[in-house]
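Hi,

Here is the structure I said I'd pass on. Have a look, and my notes follow underneath.

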Amino acid sequence: MALFTPTAYWGGSSTPQPFDPSDLGIWSWLSMNNGSIGTNSSITSVTDIGSGGTGWYVGGSAGNQYAQRSTTSGITYNGSNAVYAAFDGTGDYWRTNSYATIADSSGNSYIVMLSYVYNSDQKNDSIISLDGSSVDFQISSDTGGTWSGQFDMNGLSSTSILSWYSDNGTTRNYTFQWNIFAFVFNKTGNQIYGRINGYPLSNTVTYSNAIGSGYVKLPVNRLSTRRLRMDMAECMIVRDKPGTSTNTSIENLEKVEGWLAWTYGLQGRLPSTHPYKNAAP
């Protein structure tokens, strides 16, 4: 008896194509490995490869020092050494050229970053912030001497600070390792929360006041008075809710997490319950 092999399964038109974040219509995508920073060791310009996005200003410290382009991070991009931007924690920073509206017309947005965070000096050292005239935020350290993390936002329903869970049951220390951070502002589902490597990073709070527009800053707090030493390979800002099946679903966010994990060889960091733990999206 001949074995029948469906040709469509082996690369025909009906074969599901690999997921790419651009399928989501990302508003702003700063990828160090998709041609956005060129080949100069000192990064003096950034090209946003998102679907709309905005212009970015690249700043440096005294002596015209800018974030450095490096490949010594210990992570790979599709099997080769990954490129990342190394911010020195003193003068290096990127920010949008002008006020940016990072949420859609309903107030929805989510941010996904692949970053390596070093110890902070002060609680307001932030990996990303929005400096606006209304409801803004920063993802800051919470304490000095480490980087334990907090979600600091004007307009949270119950508190101005949303602290993070511990990563091992006793401490909150996310330093000296590459992490996939996700920060969700889901106005349609009335939720604000964070995730790390596919795990819950914080409790979920009510999304009372819609996030405003402002300068997006990396890695600096919203007042521009504190900067943080950080390495970054990817930063995506999506003006949408994180899923489509329900108001609180997260299937699109999970695809981004899965794509980052498998592209950068970090799939072992995903929880066993993650839909892309065993296969890329």
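To start with one residue: is D125 buried or exposed? With a relative accessibility of 1%, D125 counts as buried, where buried means under 20% relative accessible area, exposed over 50%, and partly exposed in between (1.4 Å probe, protein chains only).

Before the rest, some housekeeping. This is a predicted model, so local features need pLDDT of at least 70 and side-chain atom pairs count only at pLDDT 80 or more, while totals for chains, interfaces and linings use all residues. Residues are numbered from 1 along each chain as its sequence is written, and side-chain values use heavy atoms, with hydrogens and water left out.

The overall picture

There are 17 strands and one helix in the protein; helices (H or I, at least four residues) and strands (E, at least two) are DSSP runs, numbered from the N terminus. The protein has 281 residues, and 52% of them count as buried. About 11900 Å² is exposed, with carbon and sulfur atoms supplying 46% of that (Shrake-Rupley method, 1.4 Å probe; for residues, only the protein chains shown count as cover). Taking contacts between residues at least 6 apart in sequence, 64% join residues at least 24 apart, a contact being heavy atoms within 4.5 Å.

The salt bridges

Searching the whole structure turns up five salt bridges, each being a side-chain nitrogen of Lys or Arg within 4 Å of a carboxyl oxygen of Asp or Glu.

Back to D125: its side chain meets that of R226 in a salt bridge, at 2.8 Å from N to O. D125 is in the loop between strand 8 (109-117) and strand 9 (126-132), and R226 is in the loop between strand 16 (214-218) and strand 17 (229-238), so the pair links parts of the chain 101 residues apart. Unlike buried D125, R226 counts as partly exposed, at 24% relative accessibility.

Next, D136 and R222 form a salt bridge at 3.1 Å, N to O. Because D136 lies in the loop between strand 9 and strand 10 (137-140) and R222 in the loop between strand 16 and strand 17, the pair ties together parts that are 86 residues apart in sequence. D136 and R222 are both buried.

The helix has a pair too: E257 forms a salt bridge with R195, with the closest N and O atoms 2.8 Å apart. E257 sits in helix 1 (residues 251-263) and R195 in strand 14 (residues 191-196), 62 residues apart. Both E257 and R195 are buried.

Finally, salt bridges that share partners join D136, D152 and R222 into one network.

Cheers
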